[in-house]
Amino acid sequence: MEIEDAIESGQSGICTIEEIAKASGLSLAEVQALVDFGLLVPLDELIEPARFHKDYVRTAVVARRLRDDFELDARGVAVALMLMQRIDALEEELRTRR
């Protein structure tokens, strides 16, 4: 199933924490942990219920795969995701310098 197909909010590009959980296969508590670690950032932290850009579904899917493949707890998943994001940023910086 395509990630975009798994999000019920249509073409807006915005989804709820519940939709991220459903589309990624993580529990609501696990997605909330990603929010708490700062890996998923609401579009506006003052608006409830929180809304997120649908690209965060990909982050949550990667988190689920890390959890499942390496049997990581929430902190382990968060550290792995942060390191992966840092590697991506460094690779992008290297590409722009070439």
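**Exercise 1. Describe how H2 crosses and contacts H3 in this predicted model.**

Solution.
Step 1. The handedness is assigned first: H2 passes H3 in a right-handed crossing.
Step 2. The geometry follows. The two helices pack at an angle of about 115 degrees, and their axes lie 9 Å apart. These are the two quantities in question, because a pair of packed helices is described by the angle between the axes and the distance between them.
Step 3. The contacting residues are then listed. From H2 come Ile-17, Glu-18, Ile-20, Ala-21 and Ser-24, which meet Leu-28, Val-31, Gln-32 and Val-35 of H3.
Step 4. Sorted by class, the residues of this contact are six nonpolar, two polar and one charged.

**Exercise 2. Determine how H2 is placed relative to H4, and which residues form the contact.**

Solution.
Step 1. The axes of H2 and H4 come within 9 Å and cross at roughly 45 degrees.
Step 2. H2 is therefore oblique to H4. The cut-off needed here is that angles under 35 degrees count as roughly parallel, and 65 to 115 as roughly perpendicular.
Step 3. The crossing of H2 past H4 is right-handed.
Step 4. On the H2 side the contact involves Ile-20, Ala-23 and Ser-24; on the H4 side it involves Tyr-56, Val-57, Ala-60, Val-61 and Arg-64.
Step 5. The class count for this contact is six nonpolar residues, one polar and one charged.

**Exercise 3. Is Val-57 buried or exposed, and how far is its C-alpha atom from that of Ala-21?**

Solution.
Step 1. Val-57 belongs to helix H4.
Step 2. Its relative accessible area is 0%, so Val-57 is buried.
Step 3. In sequence, Val-57 and Ala-21 are 36 residues apart, while their C-alpha atoms are 8.1 Å apart in space.
Step 4. Val-57 is also one of the H4 residues that meet H2.

**Exercise 4. Characterise the packing of H4 against H5.**

Solution.
Step 1. H4 comprises residues 56-70 and H5 comprises residues 74-97; they pack at an angle of about 125 degrees, with axes 10 Å apart.
Step 2. H4 is therefore oblique to H5.
Step 3. H4 passes H5 in a right-handed crossing.
Step 4. Thr-59, Val-62, Ala-63, Leu-66 and Arg-67 in H4 are in contact with Val-77, Ala-80, Leu-81, Met-84 and Gln-85 in H5.
Step 5. This contact contains seven nonpolar, two polar and one charged residues.

**Exercise 5. Identify the buried residues of H3 and the elements they pack against, then examine Leu-34.**

Solution.
Step 1. Within H3 (residues 28-36), the buried residues are Val-31, Ala-33, Leu-34 and Val-35.
Step 2. These buried residues pack against H2 (17-24), strand E2 (51-53), H4 and H5.
Step 3. Leu-34, located in H3, has a relative accessible area of 3% and is therefore buried.
Step 4. Leaving aside residues up to four places away in sequence, Leu-34 touches Leu-26, Leu-39, Leu-40, Ala-60, Ala-63, Val-77 and Leu-81.
Step 5. One of these partners, Ala-63, is 29 residues from Leu-34 along the chain, with 8.6 Å separating the C-alpha atoms.

**Exercise 6. Which backbone values are found at Gly-38, Pro-49 and Glu-71?**

Solution.
Step 1. The reference is that most residues other than glycine have a negative phi, and most peptide bonds are trans.
Step 2. Gly-38, just after H3, takes a positive phi of about 85 degrees.
Step 3. Glu-48 and Pro-49 are joined by a cis peptide bond with omega of about -5 degrees. Pro-49 sits in the loop between H3 and E2.
Step 4. Glu-71 is a residue other than glycine with a positive phi, near 50 degrees. Glu-71 is placed in the loop between H4 and H5, and it is exposed, with a relative accessible area of 73%.

**Exercise 7. Summarise the protein as a whole: what is its pattern of elements, and what percentage of its residues count as buried?**

Solution.
Step 1. The protein has five helices and two strands, arranged along the sequence as α-β-α-α-β-α-α.
Step 2. Of its 98 residues, 32% count as buried.
Step 3. The protein exposes about 6,600 Å², of which carbon and sulfur atoms supply 54%.
Step 4. Among contacts between residues at least 6 apart in sequence, 54% join residues at least 24 apart.

Definitions and conventions. Residues are numbered from 1 along each chain as its sequence is written. This is a predicted model: local features need pLDDT of at least 70, side-chain atom pairs count only at pLDDT 80 or more; totals for chains, interfaces and linings use all residues. Side-chain values use heavy atoms; hydrogens and water are left out. Axes are lines fitted to C-alpha atoms, for helices over the stretch in contact, and angles run from 0 to 180 degrees between N-to-C directions. Helices (H or I, at least four residues) and strands (E, at least two) are DSSP runs, numbered from the N terminus. Angles under 35 degrees count as roughly parallel, over 145 as roughly antiparallel, 65 to 115 as roughly perpendicular and the rest as oblique. A crossing is left-handed if the near helix is turned anticlockwise from the far one by less than a right angle, and right-handed if clockwise. Contact means heavy atoms within 4.5 Å. Ala, Val, Leu, Ile, Met, Phe, Trp, Tyr, Cys and Pro count as nonpolar, Asp, Glu, Lys and Arg as charged, and the others, Gly among them, as polar. Buried means under 20% relative accessible area, exposed over 50%, partly exposed in between (1.4 Å probe, protein chains only). Accessible areas come from the Shrake-Rupley method with a 1.4 Å probe; for residues, only the protein chains shown count as cover.
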